[in-house]
Amino acid sequence: MPLFALALNFAWEVVYALFVAESPLERFVFTLWLVIDCGMVYGMLKYAKYEWAHSPRVAREIGLIFAVMATGATLGHWTFAKWWIENDMGKRDGKFYKGVVGPDTTELGFWSAALCQLYLSAASLCQLVVRQHSGGVSWTIWGTRTLGSIIGFYLVYGWEWYFWREAHEYFMSPFAVFLWATSLICDCVYPYTLWYVKKSEKVLPDGRKVDGENMNPQKGKKFNDI
């Protein structure tokens with residue numbers, strides 16, 4: 001997963017688990033996803049140094065760089081959620097927060113998640129194109145990520161818009177359509193790009209994958225990284 005996309009997702013789950021979510025079930029789900037993200041953070045800290053071999057300073061400080069990104073992303077998510085809740089944004093009959101009619105945290109979750117989803121989908125596709133190898137990704141990862149987005153995001157909000165349109169009109173607003181449609185297009189283009197990249201990549205003796213058309217066969221490095 002692209003570094004800042006991971007920071008955005010990690011921060012989103014921290015803020016919604018600790019600040020926005022009300023019910024124990026909601027907190028449990030957000031915390032579960034946060035734990036899963038912790039595993040991804042561990043993998044990033046362990047293997048990112050190989051992707052940044054051409055920039056030793058970045059490779060050495062990758063943990064600090066991620067910490068700064070995650071802190072900034074957490075602050076951004078928290079300030080947006082705080083502003084939304086304190087100003088009763090999206091307030092309408094049938095939408096409750098802390099037992100009374102109040103800010104629509106479902107809509108809050110939509111806008112913040114749509115931003116994260118768009119960046120993740122677009123950055124993942126760009127990362128694959130730039131690196132020209134599939135290290136750290138697979139058909140399974142793409143499939144589960146895309147299926148999870150379709151079921152847990154597009155279908156959920158689409159269902160709510162279809163059956164309770166007056167409270168979920170935002171889902172089909174022009175800006176919202178731009179966000180989720182662009183994300184979906186990137187996710188649909190991704191497997192074709194992955195297939196193309198896999199045709200030319202090379203697997204090193206230690207299992208790492210590199211761009212097969214632009215590497216030094218003796219050192220396993222890309223020519224443009226030397």
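**Core packing and the α1–α4 contact**

Tyr16 touches Ala21, Phe30, Leu108, Gly109 and Ser112, leaving aside residues up to four places away in sequence. The model is a predicted one. Tyr16 also belongs to the largest nonpolar core, which has 29 residues. Tyr16 is among the residues with the most contacts inside that core, together with Val20, Leu108, Phe110, Trp111, Phe153 and Trp180. Leu108 is thus named twice, as a residue touched by Tyr16 and as one of the residues with the most contacts inside the core.

Five helices each supply at least two residues of this core: α1 (3-20), α4 (62-86), α5 (105-131), α6 (139-163) and α7 (174-200). A second core is separate and has nine residues. Leu6, Val41, Met44 and Phe66 are included in this second core.

Two of the helices that supply the largest core, α1 and α4, also pack against each other. Their axes come within 8 Å and cross at roughly 45 degrees. This angle makes α1 oblique to α4. The crossing of α1 past α4 is right-handed. On the α1 side, the contact is made by Leu3, Phe4, Leu6, Ala7, Leu8, Phe10, Ala11, Trp12, Val15, Phe19 and Val20. On the α4 side, Ile62, Ile65, Phe66, Met69, Ala70, Ala73, Thr74, His77, Trp78, Ala81, Lys82 and Ile85 take part. By class, the residues of this contact divide into 20 nonpolar, two polar and one charged. Leu6 and Phe66 take part in this contact and are also members of the second core. Val20 takes part as well, and belongs to the largest core.

The protein as a whole contains seven helices and six strands. Along the sequence, these elements follow the pattern α-α-α-α-β-β-α-α-α-β-β-β-β. The C-alpha atoms fill a box of roughly 65 × 35 × 25 Å along the principal axes. Of the 226 residues, 41% are buried. Among contacts with a separation of 6 or more, 65% join residues 24 or more positions apart.

Phe28 lies in helix α2 (residues 24-51). Phe28 counts as exposed because its relative accessibility is 52%, and the cut-off for exposed is over 50%. Phe28 and Asp187 are 159 residues apart in sequence. In space, their C-alpha atoms are 28 Å apart.

Conventions. Residues numbered from 1 in each chain as written. Predicted model: local features only at pLDDT ≥ 70, side-chain atom pairs only at ≥ 80, totals over all residues. Heavy atoms only, no water. Core = buried A, V, L, I, M, F, W, Y, C linked by side-chain atoms within 4.5 Å. Buried < 20%, exposed > 50% of the residue type's maximum accessible area, 1.4 Å probe, protein only. Helix = DSSP H or I, 4+ residues; strand = E, 2+ residues; numbered from the N terminus. Contact = heavy atoms within 4.5 Å. Axes fitted to C-alpha atoms, helices over the stretch in contact; angles between N-to-C directions. Parallel < 35°, antiparallel > 145°, perpendicular 65-115°, else oblique. Left-handed = near helix turned anticlockwise from the far one by under 90°. Nonpolar A, V, L, I, M, F, W, Y, C, P; charged D, E, K, R; others polar.
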